[in-house]
Amino acid sequence: QISNSGTPTNYITIRNFGTDKVTIDAASTSQACSSTWKDGSCGFWMNANYIRLKGFEVLGGAWAIVVGPQTDRASDTSAVQPHDVIIEDNLLKDAKTLTSPIVKYVGIMIGGRTTGFETNVNNITVQRNTIHIVEPGATDSDFTSGPGVWMMNANGGHVIRNNKIFFTGTTSVHGRDCINSGPNFAIGLTIRDTDIYDNLCD
């Protein structure tokens, strides 16, 4: 968990050193992101403001990177609602193989965990990340993998650009999109004033 915040003029940068390769193996732990995000592990949980995360390889987990609060804004008005976070130049790999148990995977999750989990998360920039997702060959869309980038009740003001999202495995059943938002049609709750451009989905 990243819980210490920077300032508008002094972001906290968490990154690799030079060209060093730093791998976070979220697939090898059952540790949940938090008591709220308890149905899967994650590589990084960003619960702070004015943070830059750069240059990591994150293997597996239910979520590689989460930018979201501990609790719903309605149930705890004092909870930190992350804003002004930059996620860039990371390599995120779904740890599943075609013989692994079917578990959803999301590369980068922004906002709340479910449709009823409303947040004030805003101004998140996701850029130049490469995300590899393995589809497990599900026969039902409920058991396909998740999207590369998922915004759920994520307020708005985000920038999603220049990312590469690759799907492998069996993709005959439509699952999630490369870049997804929810709840459906709730524009004001998720993608208000959000720019999404120059992303590759393959």
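Let me start with isoleucine 108, which stands opposite valine 149 in strand β12, and please keep in mind throughout that what we have in front of us is a predicted model. A little further along, glycine 111 stands opposite methionine 152, which is also a residue of β12. These pairs belong to a longer arrangement, in which strand β9 and strand β12, the latter covering residues 149-152, pair in the parallel sense over four bridges. As a reminder for those who are new to this, strands of a sheet pair through backbone hydrogen bonds, either parallel or antiparallel.

Strand β9 also has a partner in β6, and these two strands run parallel and are joined by four bridges. Here tryptophan 63 stands opposite valine 106, a residue of β9. If we now step back, we find an open sheet of five strands in the order β3-β6-β9-β12-β15, with parallel pairing. Its edge strands are β3, residues 42-46, and β15, residues 179-182, each of which pairs on one side only. On average, and ignoring direction, neighbouring strands of this sheet are turned by 15° against each other.

How many of the six residues of β9 are buried? The strand, which spans residues 106-111, is mostly covered, and six of its six residues are buried. That brings me to the largest nonpolar core, which has 29 residues, and in which Met46, Ile65, Ile87, Ile108 and Ile110 have the most contacts inside the core. Strand β6, residues 63-67, contributes the largest share of this core, namely three residues. Apart from this core lies another one, of 10 residues, which includes Cys42, Trp45, Trp63 and Val66. Coming back to isoleucine 110, if we leave out residues up to four places away in sequence, this residue touches, among others, Val67, Val121, Val149, Trp150 and His158.

Not everything that is buried here is nonpolar, and aspartate 84, which sits in strand β7, residues 83-88, is a residue worth pausing on. Aspartate 84 is buried yet has no salt bridge, and the nearest side chain of opposite charge, that of arginine 52, is 10 Å away. Which residues does aspartate 84 touch, not counting those up to four places away in sequence? They are Tyr11, Asn49, Tyr50, Ile51, Asn122, Asn123 and Ile124.

Elsewhere there are charged partners, and a search of the whole structure finds eight salt bridges. In general, side chains of opposite charge can pair when their charged atoms come close. Aspartate 89 forms a salt bridge with lysine 54, with the closest N and O atoms 2.5 Å apart. This pair links distant parts of the chain, 35 residues apart, since aspartate 89 lies in the loop between β7 and β8 while lysine 54 lies in strand β4. Lysine 54 counts as buried because its relative accessibility is 17%, whereas aspartate 89, at 27%, is partly exposed. Aspartate 89 also meets arginine 128 in a salt bridge, at 2.8 Å from N to O, and arginine 128 is partly exposed at 40% relative accessibility. Both bridges fit into a network of salt bridges that links Arg52, Lys54, Glu88, Asp89 and Arg128.

To finish with the chain as a whole, its secondary structure comes to one helix and 17 strands, and buried residues make up 50% of its 202 residues. Among contacts between residues at least 6 apart in sequence, 78% join residues at least 24 apart.

Note on methods:
Residues are numbered from 1 along each chain as its sequence is written. This is a predicted model: local features need pLDDT of at least 70, side-chain atom pairs count only at pLDDT 80 or more; totals for chains, interfaces and linings use all residues. Side-chain values use heavy atoms; hydrogens and water are left out. A nonpolar core is a set of buried Ala, Val, Leu, Ile, Met, Phe, Trp, Tyr and Cys residues joined through side-chain atoms within 4.5 Å. Buried means under 20% relative accessible area, exposed over 50%, partly exposed in between (1.4 Å probe, protein chains only). Contact means heavy atoms within 4.5 Å. Two strands pair if DSSP finds at least two bridges between them. Lys and Arg count as positive and Asp and Glu as negative; His and the chain ends are not counted. A salt bridge is a side-chain nitrogen of Lys or Arg within 4 Å of a carboxyl oxygen of Asp or Glu. Axes are lines fitted to C-alpha atoms, for helices over the stretch in contact, and angles run from 0 to 180 degrees between N-to-C directions.
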